Amino acid sequence: MPQRLIEISTRGQGLYEFTREVETFVREAGVTEGLLTVFVRHTSCSLLIQENADPDVRHDLDRFFRRLVPPSDDPSMRWVVHTMEGPDDMPAHIKAALTQVSICIPVMAGRLALGTWQGLYLFEHRDRPHRREIVLHLSA
């Protein structure tokens, strides 16, 4: 069964699309029907399938999650105990818990069965740059 590890370098919080890399993997695998599992190997980022046509969607999602879970130095987050790696650390874990670290996408006729405006994103929840590893596993 085909597998691949891909790396995404982030520049801080935000959504990073990697649909093309996944489409290339599926095409090169030569599988016409199957199920692709996408898994991120970290606890402070997550995965999303989201609109990839209007960048305002990504901007608004990022702003929403920043407001939903502010940094731990915000007065509303005084209850946070885990602050060892800075004020974005525990909020990043909370955001990852609210989203997902694994996504399954059907493969039909050798292509991802995504809708017209759907794209696959790494959602970085930390402020500083990171190198994130994503495992792709294609079952036929």
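In this predicted model, Glu7 is partly exposed, with a relative accessibility of 43%. The side chain of Glu7 meets that of Arg131 in a salt bridge, with N and O separated by 2.0 Å. Glu7 belongs to strand S1 (residues 3-9) and Arg131 to strand S8 (residues 131-139), so the contact ties together parts of the chain that lie 124 residues apart in sequence. Arg131 counts as exposed, at 57% relative accessibility.

This contact belongs to a total of eight salt bridges. As a reminder of the chemistry involved, side chains of opposite charge can pair when their charged atoms come close. A second example sits in helix H2, where Asp62 and Arg66 are four residues apart and thus separated by about one helical turn. Their side chains form a salt bridge with an N to O distance of 3.1 Å. The two partners fall into separate accessibility classes: Asp62 is buried, at 13% relative accessible area, whereas Arg66 is partly exposed, at 35%.

Charged residues also pair in the interior. Asp89 forms a salt bridge with Arg126, and the closest N and O atoms of this pair are 3.5 Å apart. Asp89 is part of helix H3 (residues 89-98), while Arg126 is found in the loop between S7 and S8, so this bridge ties together parts that are 37 residues apart in sequence. Asp89 is buried, with a relative accessible area of 0%, and Arg126 is likewise buried, at 3%. The bridge is also part of a wider arrangement: salt bridges with shared partners join Glu85, Asp88, Asp89 and Arg126 into one network.

Turning to the aromatic side chains, the count comes to two aromatic pairs. In one of them, Phe64 and Phe65 meet edge-to-face, with ring centres 5.3 Å apart and an angle of 85° between the planes. These two residues are not alike in their surroundings, since Phe64 is partly exposed, with a relative accessible area of 47%, and Phe65 is buried, with a value of 10%. Phe65 also pairs with Phe123, again edge-to-face, at 5.3 Å centre to centre and with 90° between the planes. This pair links distant parts of the chain, as Phe65 lies in helix H2 (residues 55-68) and Phe123 in strand S7 (residues 118-124), 58 residues apart. Both Phe65 and Phe123 are buried. Taken together, Phe64, Phe65 and Phe123 make up one aromatic cluster.

Helix H2 thus appears in both parts of this account, holding Asp62 and Arg66 as well as Phe65, the partner of Phe123 in strand S7.

Finally, the cysteines deserve a short look. A disulfide is a covalent bond between the sulfur atoms of two cysteines. A search of the whole structure finds zero disulfides. Cys45 takes part in none, and the nearest cysteine sulfur, belonging to Cys104, is 17 Å away. Why is the sulfur of Cys104 without a bond to that of Cys45? The two sulfur atoms are 17 Å apart, which is too far for a bond; the cut-off for a disulfide is 2.5 Å. As for their surroundings, Cys45 is buried, with a relative accessible area of 0%, while Cys104 counts as partly exposed, at 46% relative accessibility.

How values were computed: Residues are numbered from 1 along each chain as its sequence is written. This is a predicted model: local features need pLDDT of at least 70, side-chain atom pairs count only at pLDDT 80 or more; totals for chains, interfaces and linings use all residues. Side-chain values use heavy atoms; hydrogens and water are left out. Rings of Phe, Tyr and Trp (its six-membered ring) pair if their centres lie within 6.5 Å; planes under 30 degrees apart count as stacked, over 60 as edge-to-face and the rest as tilted. Buried means under 20% relative accessible area, exposed over 50%, partly exposed in between (1.4 Å probe, protein chains only). Helices (H or I, at least four residues) and strands (E, at least two) are DSSP runs, numbered from the N terminus. A salt bridge is a side-chain nitrogen of Lys or Arg within 4 Å of a carboxyl oxygen of Asp or Glu.
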